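Subject: Structure handover and notes

Hello,

Here is the structure I said I would pass on. My notes follow it.

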Amino acid sequence: MKRALVSVSDKTGLVEFVKGLVDCGYEIISTGGTKKALEEAGLNPIGISDVTGFPEIMDGRVKTLHPKVHGALLCVRDNPEHVKQLQELGIEYIDLVCVNLYPFKETVQKKGVTHEEIIENIDIGGPSMLRSASKNYKSITVVCDPKDYDKVLKEIQENGDTCPVTREFLAAKVFRHTARYDAMIADYLTKKTGEEFPESLTITFDKVQDLRYGENPHQKAAFYKGMNPQYSLANATQLHGKELSYNNIQDGNAAIEILKDFEGQCAAVGLKHMNPCGVGIGENIEAAWDKAYEADPVSIFGGIVALNDTVEKGLAEKLSKIFLEIIIAPDFTPEALEILTRKKNIRLMKLDTTLSVNTSLKYTNVNDGLLVQEMDMHQIKGEDLRCVTNRKPTPEEIKQLLFGWKVVKHVKSNAIVLVKDDMTIGVGAGQMNRVGSAKIAIEEAGEKAKGSVMASDAFFPMPDTVEEAIKAGVTAIIQPGGSIRDQDSIDVCNEHGIAMVYTGIRHFKH
């Protein structure tokens, strides 16, 4: 008779699976709460202590860590010496292991959980059994995911056992499962000790979905989420439209990152290709959208819109007149949904974009490497600015300069943003020289540039950008300062009565 060892925290589908194994002639060994659940379902499993001859001790901390368990799992069955030792010690084979682990992740994420509770949810025996059995997958079937119960049971029912390919597939899944589990424990304890950049880094992500393709149709892709995806598209509810694409997710993420900097204000972001094409703030979300749209009604075609307040009927009517890929908002009224869902392909994503989030680290992959840095969460206030010109900015100019500074932070370097009346009017992004970005922003702004303010993500290495701003009618500039030729730009501003302030902080975004 074949034997199965069953010990699970997640009891989804457990009884049906075990009944199927019993019908196929399996004897069931079980532990603790799993044994109780099977007995309540009318099954009669053997207790682990009856196998080991040793009681469960230390509140169940030690029950399966025993040679009669691990000997049965690790015995190489075509090795005569292994088989002989097993027989001499009276150890019987275990042919199937069904184990999933203590809910460590769920415990960590519970409100008010104590450190002691978290530690008690670090599983020791479970991973040990999974690893032992998976190492010996040529002889043993290992199941750690209830989603695999039907596949395993069907093969056993049809063939008397699982096939070698399935056992290898399941073993690989187990080692991913235990690696993920250990990574979560390491992450928790590393953060608790305050170690920001440890000597080795293991991070874990769970698949959200396969994607139709990556950046281009010839590239395969999938979307994964991390352990705490509150402020993430991975945590959004899709209310309507086609599946998100790789590029949709990149753009959507960039748009909600911009909204983070406008906490407490009604803000609207229009975005294309990872750069904002229009950002506006207003007394309500519809007014904010009006400004974001007016900023660049051409580029928003086929773009992403992110909002930090509920979409109501009036705003929905405006949004429905434009071809948009995605609208992200905290909520949509029934009237707004009725209007927007008339468009078959538009993706409507419900996500709380008002969350106050302080994501500590940002990961960027490079060939065979990973760059890790703190997220750029720096913000400034009016009192943080240092005026370096003869003319000081007016209160209204300071307001616009701070708005521009929030936006330029999210534009690819070299970045120049022109702002007027609580809206962007020109965005220059990703050029190889700063004056090139300035010319793009100024050209986009056109006549609106007169009376606007300029934000630059980094210092001016020479006064040419300032000269372009003056010709366009810009009245005030915000920039980090720090060039060895800062005085050249200051002198040009003073000659033309332009105000310029330094932040002392740059916002490179590569």
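Which helix gives the most to the lining of the second largest pocket? The answer is H10, with six residues. Please keep in mind that the model is predicted.

Pockets and cavities

The second largest pocket has a volume of about 850 Å³. Its lining is made of 24 residues, and those nearest the centre are Cys 144, Asp 145, His 177, Arg 180 and Asp 206. At least two lining residues come from each of helix H6 (104-108), helix H10 (164-192) and strand S6 (206-211).

H10 also holds Ala 183. Ala 183 counts as buried because its relative accessibility is 4%. Apart from residues up to four places away in sequence, Ala 183 touches Thr 202 and Thr 204. Between the C-alpha atoms of Ala 183 and Phe 205 the separation is 10.0 Å, with the two positions 22 residues apart along the chain.

As for enclosed space, there are two cavities of 30 Å³ or more. The largest cavity contains about 60 Å³. Its lining consists of Asp 261, His 378, Gln 379, Ile 380, Leu 402, Trp 405, Lys 406, Lys 409 and His 507.

Nonpolar cores

The largest nonpolar core has 44 residues, and Phe 262, Val 269, Ile 328 and Ile 478 have the most contacts inside it. A second core, separate from that one, has 30 residues, including Leu 5, Ile 29, Val 51 and Ile 91. Leaving out residues up to four places away in sequence, Val 269 touches Ala 255, Ile 258, Leu 259, Gly 278, Val 279, Ile 304, Val 305 and Ala 306.

Helices H12 and H2

In H12 (residues 285-295), the buried residues include Ile 285, Ala 288, Trp 289, Ala 292 and Ala 295. They lie on the same side of H12, because the arc they cover around the axis is only 120°. Packed against the buried residues of H12 are strands S9 (266-272), S10 (275-282), S11 (303-307) and S18 (423-428), together with helices H13 (313-320) and H16 (434-445). At the start of H12, a side-chain oxygen of Asn 284 comes within 3.2 Å of the backbone nitrogen of Glu 286.

In H2 (residues 32-40), Thr 34, Ala 37 and Leu 38 are buried. Their arc around the axis is only 95°, so they sit on the same side of H2. Lys 36 and Glu 40, on the other side of H2, are exposed. The cover over the buried residues of H2 includes strand S1 (3-7), helix H1 (14-23) and strand S2 (27-30). Gly 42, just after H2, has a positive phi of about 90°.

His 70

His 70 belongs to helix H4 (residues 67-74). With a relative accessibility of 13%, His 70 counts as buried. Its side chain makes a polar contact of 2.9 Å with the side chain of Ser 132. Ser 132 is also among the residues that His 70 touches beyond four places in sequence, along with Thr 64, Leu 65, Ser 128 and Met 129.

Loops and backbone geometry

Two loops are worth a look.

In the loop between S9 and S10, His 273 and Met 274 are the residues to check. Phi is near 50° for His 273, a positive value in a residue other than glycine. Phi is near 75° for Met 274, again positive in a residue other than glycine. His 273 counts as exposed, since its relative accessibility is 62%. Met 274 is partly exposed, at 23% relative accessible area.

In the loop between H15 and S17 lies Asn 414, and the peptide bond from Ser 413 to Asn 414 is cis, with omega near -5°. Ala 415 is placed in the loop between helix H15 (395-408) and strand S17 (416-420) as well. Ala 415 counts as buried because its relative accessibility is 0%. Beyond its neighbours within four places in sequence, Ala 415 contacts Val 408, Gly 428, Arg 434, Ser 437, Ala 455, Ser 456 and Asp 457. The C-alpha atoms of Ala 415 and Trp 289 are 23 Å apart, and the two residues are 126 residues apart along the chain.

Regards

Conventions
Residues are numbered from 1 along each chain as its sequence is written. This is a predicted model: local features need pLDDT of at least 70, side-chain atom pairs count only at pLDDT 80 or more; totals for chains, interfaces and linings use all residues. Side-chain values use heavy atoms; hydrogens and water are left out. Buried means under 20% relative accessible area, exposed over 50%, partly exposed in between (1.4 Å probe, protein chains only). Helices (H or I, at least four residues) and strands (E, at least two) are DSSP runs, numbered from the N terminus. The arc is that of the directions from the helix axis to the C-beta atoms. Contact means heavy atoms within 4.5 Å. A polar contact is a pair of N or O atoms within 3.5 Å; within protein, one must be able to donate a hydrogen and the other to accept it, and residues adjacent in sequence count only if both atoms are side-chain atoms. A nonpolar core is a set of buried Ala, Val, Leu, Ile, Met, Phe, Trp, Tyr and Cys residues joined through side-chain atoms within 4.5 Å. On a 1 Å grid over the protein atoms alone, a cavity is a set of points where a 1.4 Å probe fits but cannot get out, and a pocket is an open set with protein on both sides within 12 Å along at least five of seven lines; lining residues have an atom within 4 Å of a point. Grid points are joined across faces, edges and corners, and a volume is the space filled by probe spheres set on the points.
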